[in-house]
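Hello,

Here is the structure I promised to pass on to you. Have a look at it first, and then read my notes below.

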Amino acid sequence: MALYGRVERPECIACGLCQMLAPDLFDYDQAGIAYYKPDRNTGTKALDDQATIHFRLAYKRCPTHSIKRSDHPFDAEPYTPTKVE
Ligand code: SF4
């Protein structure tokens, strides 16, 4: 079964745990609020098997349950990260 993920950004408290556990999947903006990298947080790109392992780790550990998962693509607007270099 396909697995899709994204971050519900208003619920994120910027703890940084997901990025530490799954750096290929999660990054954060200037305020430390996380987003899901593979599809700009739209939740429309299915995870492959290896990514699924890392995703599940972050999903289980997120203290605010901001990381969402579904067996169907989400219908979310893309997030465009802006970072101070
Ligand atoms: S683990 Fe959860 S609360 Fe922490 S940065 Fe990631 S999404 Fe935000």
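**What surrounds the ligand**

The shell around the ligand is made up of 10 nonpolar, 3 polar and no charged residues. In this sorting, Ala, Val, Leu, Ile, Met, Phe, Trp, Tyr, Cys and Pro are nonpolar, Asp, Glu, Lys and Arg are charged, and the others, Gly among them, are polar. Please keep in mind that this is a predicted model: local features need pLDDT of at least 70 and side-chain atom pairs count only at pLDDT 80 or more, while totals for chains, interfaces and linings use all residues. Residues are numbered from 1 along each chain as its sequence is written, and side-chain values use heavy atoms, with hydrogens and water left out.

There are 13 residues around the ligand (each with a heavy atom within 4 Å of it). C12, C15, G16, C18 and C62 come nearest.

**The cavity**

Rolling a probe the size of a water molecule over the atoms shows where empty space is left. How many cavities of 30 Å³ or more does a search of the whole structure find? The search finds 1. A cavity here is a set of points, on a 1 Å grid over the protein atoms alone, where a 1.4 Å probe fits but cannot get out; lining residues have an atom within 4 Å of a point.

The largest cavity has a volume of about 120 Å³ (the space filled by probe spheres set on the points). Of its 17 lining residues, C12, C15, G16, C18 and A34 are the closest to its centre. The lining divides into 12 nonpolar, 5 polar and no charged residues. Its largest share, 3 residues, comes from helix 1, residues 17-21 (a helix is a DSSP run of H or I with at least four residues, a strand a run of E with at least two). And what takes up this space? The ligand does.

**Three residues in loops**

R9 lies in the loop between strand 1 (4-7) and helix 1. With 18% relative accessibility, R9 counts as buried (under 20%; exposed is over 50%, partly exposed in between, with a 1.4 Å probe and protein chains only). Its side chain makes a polar contact with the side chain of D29 at 2.8 Å; such a contact is a pair of N or O atoms within 3.5 Å, and within protein one must be able to donate a hydrogen and the other to accept it, while residues adjacent in sequence count only if both atoms are side-chain atoms.

A14 is in the loop between strand 1 and helix 1. A14 is not a glycine, although its phi is positive, about 60°.

Best wishes

Definitions and conventions. 1 Å grid on protein atoms, 1.4 Å probe; cavity = no way out; pocket = protein on both sides within 12 Å on 5 of 7 lines; lining within 4 Å. Sits in = over half its atoms within 2 Å of the grid points.
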